[in-house]
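Open the model in your viewer and keep the sequence panel beside it. The stops below go from the whole chain to single residues.

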Amino acid sequence: NEYIVKHFTIDLNIQNSTLYLSGVIWNLLAFLLVPNPTASQQSLGFFDGYANPLALMVVVLNTCIGLVINLVYKYADAIVKCLAQDVTAILLSIISVVFFGKTILLTMWCGIIIVCCALYSYSMSSNALPTSAVSSDRVQTTERAR
């Protein structure tokens, strides 16, 4: 995914539009061609249940997540995406403690420590630098060596 987004000359918005259009087509075909497995739900329509604003919000937010992931692939890399997902899991755990009274178990604390160590390790490595900064450092080093 990252290679396609970074190295194809097609605009990112065109790539996203093509991806989402193919998803619509495949899901519509599946809806029309695959029979409903339960007889009790035969009368349900395609958009049944989407009158609920929360259901629509889930669809909109998942669309936004897909677009943001493509931007991360375009301007960062897959490691940054994975680290961002891990930080999101930590933030959601903290939010669930504050707002819902959940308790954080020992395994969660271990996960938080591992993610923090991974973030620190990645930010201190030379791979965390933008590609242009790394390539300009290499050019300067090569010129000094001459």
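Of the 146 residues in this predicted model, 11% count as buried. With the whole protein selected, the accessible surface comes to about 11700 Å², and carbon and sulfur atoms account for 70% of that area. Switch to a cartoon view: there are six helices and zero strands, so the pattern along the sequence reads α-α-α-α-α-α. Among contacts with a separation of 6 or more, 57% join residues 24 or more positions apart.

**Surface patch**

Select Leu21, Ile25, Trp26, Leu28, Leu29, Phe31, Leu32, Leu33 and Val34, and show them as a surface. Together these residues form a nonpolar patch with about 970 Å² of accessible area. Stay on Val34, which sits in the loop between helix H2 (12–33) and H3. Is Val34 buried or exposed? Its relative accessible area is 55%, and because the cut-off for exposed is over 50%, Val34 counts as exposed.

**Helix H3**

Next, select residues 53–75, which make up helix H3. Put a distance marker between its end C-alpha atoms; they are 33 Å apart. At 1.5 Å a residue, the 23 residues of H3 should span 33 Å, so the distance in the model agrees with the expected span. Then go to the start of H3 and show the side chain of Asn52. One of its side-chain oxygens comes to within 3.0 Å of the backbone nitrogen of Leu54.

**Ser96 in helix H4**

Move on to helix H4, residues 78–100, and pick Ser96. Ser96 has a relative accessibility of 19% and therefore counts as buried, the cut-off being under 20%. What does the side chain of Ser96 reach? It reaches the backbone oxygen of Ser93, at 2.7 Å. Ser93 and Ser96 are both worth showing as sticks for this view. Leaving aside residues up to four places away in sequence, Ser96 touches Gly101 and Lys102.

**Ile112 in helix H5**

For the last stop, select helix H5, residues 106–124, and centre on Ile112. With a relative accessible area of 11%, Ile112 is buried. Add Leu91 to the selection and mark the C-alpha to C-alpha distance. Ile112 and Leu91 are 21 residues apart in sequence and 9.9 Å apart in space.

Key:
Residues numbered from 1 in each chain as written. Predicted model: local features only at pLDDT ≥ 70, side-chain atom pairs only at ≥ 80, totals over all residues. Heavy atoms only, no water. Helix = DSSP H or I, 4+ residues; strand = E, 2+ residues; numbered from the N terminus. Expected span 1.5 Å × (residues − 1). Polar contact = N/O pair within 3.5 Å; in protein donor to acceptor, adjacent residues only side chain to side chain. Patch = residues over 30% accessible without salt bridge, like charges linked within 9 Å, V, L, I, M, F, W, Y side chains within 5 Å. Areas by Shrake-Rupley, 256 points an atom, 1.4 Å probe, with all protein chains shown as cover. Salt bridge = Lys/Arg side-chain N within 4 Å of Asp/Glu carboxyl O. Buried < 20%, exposed > 50% of the residue type's maximum accessible area, 1.4 Å probe, protein only. Contact = heavy atoms within 4.5 Å.
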